[in-house]
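User: Please take a close look at one part of this model, the open sheet and what packs around it, and then place that part in the rest of the chain.

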Amino acid sequence: MNHFSKSIFGFVLSVSFVCISNVVAQQPEDLKLVPGNAVAAVHMDLAKLWQSESMKDMRDLLKKAGPKALIELEKRFVPDPTTVETVTGFVMFPKNPGSPPEFAFLISLKKPVKEKALFLSAMPDGETIKKDGINMVVKDDIGLILMNQGKLIAVGAPSLLPTLGKNTAPAKGDFARFLKGNAAGLINAAINLEPIPKEVFAFAPPPFNSIVNGIQYMEAGIAVEKTIRLSTTITYEKEDQAKAALETVKEFAKMGLAQLEEPRKEVEKRVFPKDQVGPNPLTDLPEFLSAMAGLAILNEAENLLKNPPITLAGTSLKADYTTPQISSNALIPTTAIAIGMMLPAVQKVREASQRISSMNNLKQIALAMANYEATFGAFPAAAICDKKTGKPLLSWRVAILQYIEEEALYKQFKLDEPWDSEHNLKLAKNMPKVYFHPKANKPGDNKTHYRLFFGKGAAFELNKGYSMGAISNMDGLSNTLMVVEAEDPVVWTNPNELAFDPTKALPKMLSIDGKFSAAYCDGSVRTFKMPIDQEILKLLIQRNDGKPIPEVP
């Protein structure tokens with residue numbers, strides 16, 4: 001995020017606490033400018049939020065600064081934060097593959113501002129240009145324009161801003177209702193799946209694929225009064241898709257519950273220290289109170305995960321949660337503590353999901369290898385090599401395409417040409433999803449971390465594959481590694497694999513939460529803690545060392 005983006009983000013957050021204005025009765029002008037084919041939108045009624053019961057303590061506190069201080073606040077900034085009514089942001093799906101999405105923020109004001117003063121305040125060193133008859137100030141690929149007779153500020157992609165209000169694509173279904181301002185909360189967000197090509201969701205690995213399969217629309221809202229109510233609705237095409245998604249969410253909740261055990265142990269050590277003798281020094285009081293707040297938050301989180309407030313309603317999943325009543329004076333520090341306590345747990349859940357997904361990829365690769373062996377009597381060689389020169393041309397990952405439901409792609413390769421020939425290089429952009437690593441890869445990548453060792457006693461040779469029977473008669477299929485998660489990726493069609501030499505150091509493996517996974521020649525997949533003893537890993541790589549393998553942690 002560049003400096004100006006941070007400034008805008010900071011401004012939006014600031015006005016949510018300091019804007020003192022009347023409740024807006026009519027539909028905000030900013031929502032009217034959101035294109036109907038936007039893929040996501042968020043709308044915040046900051047004026048109503050500031051006037052809500054939950055912000056009363058904060059309002060009273062700022063009033064005590066005195067009228068002169070409030071007048072100074074109005075004079076210091078353009079626009080005057082007390083005139084901000086609503087803020088809306090939206091995102092457009094990329095026009096071209098590989099290009100970033102376009103976005104814009106729309107800030108509606110109670111009183112108009114002058115264009116020159118706004119430009120100087122927001123981007124003092126920006127460049128002012130005229131595009132499509134509209135004055136725009138631009139800096140670091142962020143543009144800013146003033147609309148609606150000085151009462152609406154638009155910030156975002158310079159190519160997008162001049163088109164505001166000119167996009168004729170109509171909104172459909174629930175998203176059309178959202179854009180009319182009919183959402184119930186003071187902060188509302190929507191994800192509109194209609195403009196997104198269905199093939200985008202094909203990249204979702206298990207178990208996330210069951211959540212996105214058939215998804216049509218998502219909406220979330222935050223209602224703020226004495227309590228804060230969070231509500232979410234996810235709509236699917238069919239009821240069985242919604243049911244499958246609900247089961248996956250419940251599994252995630254179980255995983256999240258398990259990951260709270262370590263944070264709870266750490267917090268309880270501070271609240272209930274063992275072998276405590278006598279009172280603590282008074283200087284420990286802030287930390288103790290923070291630990292108590294953390295314990296309360298963990299208890300609430302556990303209750304939520306044990307009984308997720310999610311229900312199935314036809315083709316929709318609905319979730320509602322009301323926070324305990326809390327004053328605005330306590331809201332900010334408590335939220336900060338909650339974030340600090342929960343981020344490690346959220347990260348643990350994400351990493352656990354990535355691990356499951358990667359292990360599933362390895363299992364599919366191992367199964368494809370086994371099917372290849374059943375057909376040809378041996379595993380594929382590490383590379384498809386030139387029959388005359390022996391030069392490696394294409395990776396084993398190309399050789400097994402027919403066994404991972406990619407036969408059409410396999411038939412497009414010229415197996416007598418190298419991976420980077422003019423013809424074959426074009427196909428490298430079509431990396432099968434089974435080669436995508438859930439942690440390291442992003443849509444559009446063509447490099448994979450799933451690689452194998454070859455040569456000098458490994459299960460694979462550069463131009464020769466061994467049968468399952470041959471390996472079984474050596475160290476055994478369950479004692480010999482097939483494919484690993486390597487830290488360094490390669491283009492998936494490139495035959496550049498991991499040359500094995502038992503006398504040299506091994507390459508680094510890719511870590512997820514301090515662990516990496518590997519598939520064995522018998523098709524099983526196992527996860528290892530890092531760092532793993534190099535000599536043990538070398539024994540697992542070799543197919544015929546004949547040595548017993550120590551217990552692996």
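Analyst: In this predicted model, the open sheet is built from four strands in the order S15-S17-S19-S20, with antiparallel pairing. Its edges are strand S15, residues 447-451, and strand S20, residues 525-529, each of which pairs on one side only. From one strand to the next, the twist averages 35°.

Within the sheet, strand S17 (residues 481-491) and strand S19 (residues 515-520) are joined by three bridges in the antiparallel sense, and Leu-481 stands opposite Tyr-520 in S19. Helix H17, residues 534-541, lies across S17, S19 and S20 and runs at about 110° to S17.

S17 also leads into the packing of the chain, as it is one of the elements that give two or more residues to the largest nonpolar core. The others are helix H12 (328-376), strand S14 (392-395), helix H13 (396-399) and helix H14 (407-412), and H12 gives the most, with six residues. This core holds 42 residues, of which Ile-365, Met-369, Phe-460 and Trp-492 touch the most other members. Nonpolar side chains tend to be buried together in soluble globular proteins.

Phe-460 shows what such packing involves: leaving aside residues up to four places away in sequence, Phe-460 touches Met-369, Phe-379, Pro-380, Ala-382, Leu-452, Phe-453, Phe-454, Gly-455 and Met-482. Met-369 is thus both a contact of Phe-460 and, like Phe-460, among the residues that touch the most other members of the core. Apart from this core lies another, of 24 residues, including Val-34, Leu-106, Leu-161 and Ala-190.

Elsewhere in the chain, a run of strands is linked by hairpins. Strand S4 (residues 127-131) pairs with strand S5 (residues 134-139) in the antiparallel sense over five bridges, and Lys-131 has Ile-134 in S5 as its bridge partner. Two residues separate S4 from S5 in their hairpin, where Asp-132 in the turn has a positive phi of about 55°. S5 pairs in turn with strand S6 (residues 142-147), again in the antiparallel sense, over three bridges, with Val-138 opposite Gly-143 in S6. The hairpin of S5 and S6 also has two residues between the strands, and there Asp-140 takes a positive phi near 55°.

Helix H9 offers a helical example, with 21 residues (239-259) that reach 30 Å from the first C-alpha to the last, close to the 30 Å expected at 1.5 Å a residue. Its buried residues are Gln-241, Ala-242, Ala-245, Leu-246, Thr-248, Phe-252, Ala-253, Met-255 and Gly-256. An α-helix has 3.6 residues a turn, so residues three or four places apart point the same way.

For the chain as a whole, there are 17 helices and 20 strands, and buried residues make up 42% of its 553 residues. Among contacts with a separation of 6 or more, 68% join residues 24 or more positions apart.

As for confidence, the chain averages a pLDDT of 84, and 88% of the residues score at least 70. Among the elements, H13, which contributes to the largest core, has the highest mean pLDDT, 97, whereas helix H1 (residues 3-18) has the lowest, 42. Over residues 1-25 the pLDDT is below 50, although this stretch has 55 contacts in the model beyond near neighbours in sequence.

Methods: Residues numbered from 1 in each chain as written. Predicted model: local features only at pLDDT ≥ 70, side-chain atom pairs only at ≥ 80, totals over all residues. Heavy atoms only, no water. Pairing = 2+ DSSP bridges. Axes fitted to C-alpha atoms, helices over the stretch in contact; angles between N-to-C directions. Contact = heavy atoms within 4.5 Å. Core = buried A, V, L, I, M, F, W, Y, C linked by side-chain atoms within 4.5 Å. Buried < 20%, exposed > 50% of the residue type's maximum accessible area, 1.4 Å probe, protein only. Expected span 1.5 Å × (residues − 1). pLDDT = per-residue confidence, 0-100.
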